[in-house]
Amino acid sequence: RKQATTSYKQLLLLVAAMTRCLKLLFAVVLVAASRLERGHRRCFAFLKRREPFLIEFGGKTVAEETKKMNPLVRQIERKLNTRMVRYDIYNDHAAYKLWLFLDKNPRGASMCGGLPFYYNRKTGGIVCGPTTYENLENWATGQAHKIALPPTISQEEVEIRGRVTGAKARIMRQNKQQPGGIQGTTSHEVTDAPAASRPLEMRPPVQATAD
């Protein structure tokens, strides 16, 4: 009887150990399956992305303006789960021809004529030049928007644009430091000045010499 009891206890312990092993194995399988599913979704996520329908035309002359618009463009790409096709009209002649074609209205006149130029293939809407995020979003989603709506300029940018540098600034500083010349002097100072530096009407007459 004691041997049977001992064997029964050992069997229970063995069953409990096997149960724990099975639970652990099941948990490992669940974790691996979830990771595989996430990896599978990442691998085929590009298939769910929308076909690109937003186009940006730019070039070297507007590199700074395009760089400022990049954060807004990335937000639009994430929100719409798409990407914006970018063309450099200075390095791609076909892109230049396409830009000229898309920029014309039904009468053949240019609607923008500037860069960066944004075109929506679904709606035919355009945006000319840098703009605000709201206007760019309305253009991308096919809502009412303005063709030209420049973003607001901060006071700092206004001061930077109005700042004078280089040779022109040095000339302006020199003019401020120098006195007003003869206009800023008195008649007494002009009279006492050397004859060569006096005005013509105050110079002594030239005496003719006999040959």
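## Group meeting: a disulfide, some strands and some rings

With 70° about the S-S bond, the link between C112 and C128 is right-handed. That is my starting point today. One caution before going on: this is a predicted model.

What is a disulfide? It is a covalent bond between the sulfur atoms of two cysteines. How many do we count here? The count comes to one disulfide. C112 and C128 form it, with their sulfur atoms 1.9 Å apart. Now look at where the two ends sit. C112 is in the loop between α4 and β3. C128 is in strand β4, which covers residues 126–128. The two cysteines are 16 residues apart, and the pair links distant parts of the chain. Are they buried or exposed? Both C112 and C128 are buried. Take C21 for contrast. C21 has a relative accessible area of 53%, so it counts as exposed.

Next, the strands. Find β1, residues 54–58, and β2, residues 84–88. They run parallel, and five bridges join them. To get your bearings, start at L54: it stands opposite M84 in β2. How does the chain get from β1 to β2? It goes through helix α3, residues 63–80. This β-α-β crossover is right-handed.

Now the aromatic rings. We describe a pair of rings by the distance of the centres and the angle of the planes. A search of the whole structure finds four aromatic pairs. One of them is Y96 with W99, a tilted pair. Their centres are 5.9 Å apart, with 45° between the planes. Both residues lie in helix α4, residues 93–102. They are three residues apart, about one turn of the helix. How accessible is each partner? Y96 has a relative accessible area of 32%, so it is partly exposed. W99 has 9%, so it is buried.

Then take Y118 and W139. Why is this pair called edge-to-face? Because the planes of the two rings stand at 65°, and the cut-off for edge-to-face is over 60 degrees. The ring centres are 5.8 Å apart. Y118 lies in strand β3, residues 117–120, and W139 lies in helix α5, residues 133–140. So the pair ties together parts that are 21 residues apart in sequence. Both Y118 and W139 are buried.

There is a cluster of rings as well. Ring pairs link F57, Y87 and F117. And one charge sits over a ring: K122 lies over the face of F53, at 4.3 Å from the ring centre.

Two more residues, quickly. L98 is in helix α4. At 32% relative accessibility, L98 is partly exposed. Remember F57 from the ring cluster? L98 and F57 are 41 residues apart along the chain, and their C-alpha atoms are separated by 9.4 Å.

Last is E137, in helix α5. Is E137 buried or exposed? Its relative accessibility is 17%, so E137 counts as buried. Which residues does E137 touch, leaving aside neighbours within four places in sequence? It is in contact with I76 and K79.

To recap. The disulfide joins C112 and C128. The crossover from β1 to β2 is right-handed. Y118 and W139 tie strand β3 to helix α5. Thank you.

Key
Residues are numbered from 1 along each chain as its sequence is written. This is a predicted model: local features need pLDDT of at least 70, side-chain atom pairs count only at pLDDT 80 or more; totals for chains, interfaces and linings use all residues. Side-chain values use heavy atoms; hydrogens and water are left out. Two strands pair if DSSP finds at least two bridges between them. Helices (H or I, at least four residues) and strands (E, at least two) are DSSP runs, numbered from the N terminus. A crossover is right-handed if, with the strands pointing away from the viewer, the path from the first strand over the helix to the second runs clockwise. Rings of Phe, Tyr and Trp (its six-membered ring) pair if their centres lie within 6.5 Å; planes under 30 degrees apart count as stacked, over 60 as edge-to-face and the rest as tilted. Buried means under 20% relative accessible area, exposed over 50%, partly exposed in between (1.4 Å probe, protein chains only). A charge sits over a ring if NZ of Lys or CZ of Arg is within 6 Å of the ring centre and within 35 degrees of the ring normal. A disulfide is a pair of cysteine sulfur atoms within 2.5 Å. Contact means heavy atoms within 4.5 Å.
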